[in-house]
Amino acid sequence: MSPHAKPTVERFVDFDQKTDMPALKKAEVPQFYPLPVEDIRARYFTHLADQVYLDHAGTTIYSTEQIRNFQLDLTTHLYGNPHSRSPSSALSTRKIDAVRSRVLEHFNVTPGDYDLVFTANATASIKLVAEIFPWQQGSHFVCLQESHTSILGIRGIVNGIEGTSASMTSEQDIVQNNYRLCNHDAPSLFAYPAQCNFSGTRFPLALGQDVKRQNPNVKVLLDAASYCTSTLLDLSDTANSPDFITFSFYKMFGSPTGLGGLLIKKCNKSILKKSYFGGGTIAAIVASEPWQRFHATELHDIYEDGTVNFLDIISLDHAMDTWSKLFLSFRNISNHVNILTTMAYDTLQALAHYNGKPLCTFYNISASERRLSDPTRQGPILNFNLRRANGSWIGGAEVEKIASLTNIHIRSGGFCNPGSNQYWLHLTPDVVKDNYAAGHVCGDDVDLLNDVPTGSLRISFGAMSSLQDIEKFVAFLRKYFIETEPASMPPIVHTEHTTTNDSSNAHIQDLIIYPIKSCHGYHIPASTSWTVTPQGLLYDREWMLVSAETGLALSQKRYTKMCAIRPELSVSNNTMTVNAPGMPALIISLEPTQDELSSIPICESRVCGESIGVHRYNDSAINNWFSEVLGVEVSLARHPISASAHSRFLKPHLQANSPSGDTKEPTSISLSNESPFLLVSAASADDVQTKIDEFSDTREQVNVTSFRGNIVIGGQALTAFEEDQWKRISIGSQQFELLGPCRRCHMVCINQETAEKTKEPFVTLALYRRIQGQVLFGQHMVHVPSLSQFPYTLRIGDPVVVQNQR
Ligand SMILES: *Cc1c(COP(=O)(O)O)cnc(C)c1O
């Protein structure tokens with residue numbers, strides 16, 4: 001233990017006098033390192049400046065020092081492929097041997113007791129154990145509920161061997177001697193994590209011994225990947241230490257990646273198998289007959305097939321040098337992160353909404369047992385979900401998305417730990433299967449199903465985490481998720497306003513079409529009346545760019561350069577002229593002949609949820625032009641030019657919708673981002689700007705064109721977001737029914753003029769225009785011909801009058 005007294009939990013939380021909100025006390029975090037952690041950060045982790053990195057359980061972060069030293073080493077020494085006589089080879093061999101000893105020393109074991117096998121990562125180490133383990137009839141594999149998927153994967157090997165079985169167990173079962181194995185004679189394997197990567201719960205080495213006591217034929221595999229990140233795994237008590245220990249070095253030092261370790265207790269050597277072989281593990285072999293003999297000297301000689309990652313092993317040496325220089329020992333790191341974790345937990349659990357309902361629901365076993373500050377039971381990981389004041393869940397992907405835009409690095413989802421996920425989120429096997437059937441897969445954005453979380457949020461600390469990281473994270477939660485008064489984050493901000501009428505001077509300020517989907521908009525000239533069709537303004541999203549590789553339409557979200565592609569229409573010339581920087585103008589006919597388009601339609605199902613085909617252009621000059629601009633192979637494609645195509649943006653229920661509509665429920669829109677017309681209000685865009693100026697630390701300017709509306713309305717008396725209340729409006733002599741707000745994504749952060757990506761206006765919109773995880777701006781509309789005058793046209797200046805309110 002450190003000489004510093006461990007502060008008690010109560011010390012960390014204070015209450016802000018003004019807001020009555022819990023605040024971190026500016027209590028000093030004791031200094032465990034030679035320098036204050038802030039100084040270490042500033043000097044040796046310059047790439048972490050301004051970043052709130054809270055994903056050390058994913059990987060901790062390498063320091064600039066170890067990378068620089070490694071680079072210098074490689075560029076001043078000649079390292080060859082090991083195990084030969086040349087000086088360059090001998091140098092590599094010597095280095096590898098030295099690092100191997102150093103790693104053994106780190107774990108406090110002697111080469112007499114353990115050998116280290118270098119692998120690609122912890123998963124490869126686990127897989128190797130499963131491959132060399134002497135499974136036989138009656139063997140059993142059992143793992144702890146808190147195991148990583150990489151451990152569960154051993155099931156895959158065991159299931160392929162006849163007469164073996166696999167199961168899961170809990171710590172409680174083991175401690176209460178409820179653990180049973182099928183056959184006491186066959187070798188069996190018990191695997192468990194030293195630290196759960198989901199909750200940070202730590203399990204003692206004694207757990208393996210408990211199992212061994214119940215069945216001496218059990219070997220113990222300890223997955224130390226998560227544990228090793230921030231604390232010392234001391235294996236010096238060899239009487240009680242595990243048979244196999246697996247880990248990845250990047251989790252300990254940030255770098256190198258692609259290098260893992262497997263410690264094997266040497267007493268197991270005689271029972272382990274060797275099946276696959278390759279490279280340097282061979283002592284003698286006959287190529288023409290199945291006869292081979294292996295090096296039988298050391299375990300690593302037997303199990304390191306192929307060339308080891310010798311340069312990264314050298315990198316590891318520098319990483320270890322740097323870590324001992326900056327942090328002295330892993331015991332210091334352990335003390336440091338332990339205090340930060342306790343502080344963070346204490347502050348987060350005190351965060352509450354105006355009605356006293358807590359913001360965070362924790363999934364940390366030791367937290368509920370108030371043993372969070374006990375480093376033998378809890379590592380530096382907090383796992384939780386957020387709830388609103390009304391108790392409803394906030395989706396983890398939503399939180400992570402907003403965090404990412406503000407340089408906060410957290411993780412959401414299931415963390416490759418299905419047992420913990422099932423346990424904490426009360427997901428029965430059936431629920432997991434149902435969720436999968438409903439389309440939810442690991443790593444997707446589906447954070448809630450039936451309003452229940454499918455995953456959670458995880459923050460984790462590492463050697464160079466600081467108090468500031470916690471403060472900034474808490475400030476972030478406060479700003480975006482705490483409701484300080486009733487309805488401070490209502491479905492939609494309902495502002496008091498008078499119904500817009502002629503005197504408000506509401507009118508069309510701009511009319512914009514996007515002839516090529518996701519490319520730059522074309523502003524309809526002021527004096528021009530533009531035709532309104534059932535599926536939108538004429539020529540709006542009539543064309544698209546389709547990836548040659550996937551056959552799917554490209555989106556600006558991924559290909560920001562698309563907004564530099566500027567189409568201009570000339571209806572009188574029947575042409576669309578497309579410009580892009582550094583390219584000659586491309587002229588395309590508005591009404592191509594059948595020959596110009598491929599006769600076979602390609603499915604466009606991912607575009608708007610309907611399987612309606614588009615036709616590619618045959619002309620390679622056209623396709624090459626776009627491919628050159630974007631740097632990927634694409635084809636221009638067009639919707640079929642026939643009247644039947646007119647339903648393509650309209651779902652049947654939208655067409656069937658009655659224009660009078662008063663007696664019906666308002667039509668809900670299920671289209672992802674397409675509807676015939678998107679109305680945006682300049683007053684609302686101005687309001688977003690005001691909020692950015694007020695809340696955001698940036699000076700970013702919002703341009704109403706970022707919202708990519710078709711009809712931009714303005715007018716002095718127009719109030720922000722009054723369009724939320726509208727049900728039906730007339731614009732000039734045309735009537736439109738409003739279908740509901742448009743859900744927004746990061747695409748609103750792409751400046752349509754410069755293709756630059758920023759965090760605004762999304763971050764600020766997320767602050768006050770968010771409902772059930774959806775960020776809303778603008779209104780979808782359909783045209784109502786039966787209430788409109790022919791010809792159906794719009795033009796800039798047409799007055800907007802509200803006919804019906806919600
Ligand atoms: C990260 C981790 C793994 C997997 O490590 P890889 O480097 O991805 O192979 C396995 N188990 C635990 C507990 C982990 O935290």
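The following exchange concerns strand pairing and confidence in a predicted model.

Colleague: What is the mean pLDDT of the protein?

Modeller: The model is predicted, and local features in it need pLDDT of at least 70. Of the residues in the protein, 87% reach 70 or more, and the mean pLDDT is 85.

Colleague: How many contacts does the model have for residues 605-611 beyond four places in sequence?

Modeller: Two stretches call for caution. Residues 488-500 have pLDDT below 50, with 29 contacts beyond near neighbours in sequence. Over residues 605-611 pLDDT also stays under 50, and the contacts in the model beyond four places in sequence number 16.

Colleague: Which strands stand at the edges of the open sheet that contains β23?

Modeller: The open sheet is formed by 3 strands with antiparallel pairing, in the order β24-β23-β37. A single partner strand serves each edge strand, so one side of each is left without a neighbour in the sheet; these edge strands are β24 (536-537) and β37 (793-794).

Colleague: Which residue of β24 stands opposite T533?

Modeller: Strand β23 covers residues 530-533 and pairs with β24 in the antiparallel sense over 2 bridges. Opposite T533, in β24, stands G536.

Colleague: Which residue in the turn between β26 and β27 has a positive phi?

Modeller: Strand β26 (residues 566-570) pairs with strand β27 (residues 575-579) over 5 bridges, in the antiparallel sense. Within this pairing, L569 of β26 stands opposite M576 in β27. The two strands form a hairpin with 4 residues between them, and the turn residue with a positive phi, about 60°, is N574.

Conventions: Residues are numbered from 1 along each chain as its sequence is written. This is a predicted model: local features need pLDDT of at least 70, side-chain atom pairs count only at pLDDT 80 or more; totals for chains, interfaces and linings use all residues. Side-chain values use heavy atoms; hydrogens and water are left out. Two strands pair if DSSP finds at least two bridges between them. pLDDT is the predictor's confidence in each residue, from 0 to 100. Contact means heavy atoms within 4.5 Å.
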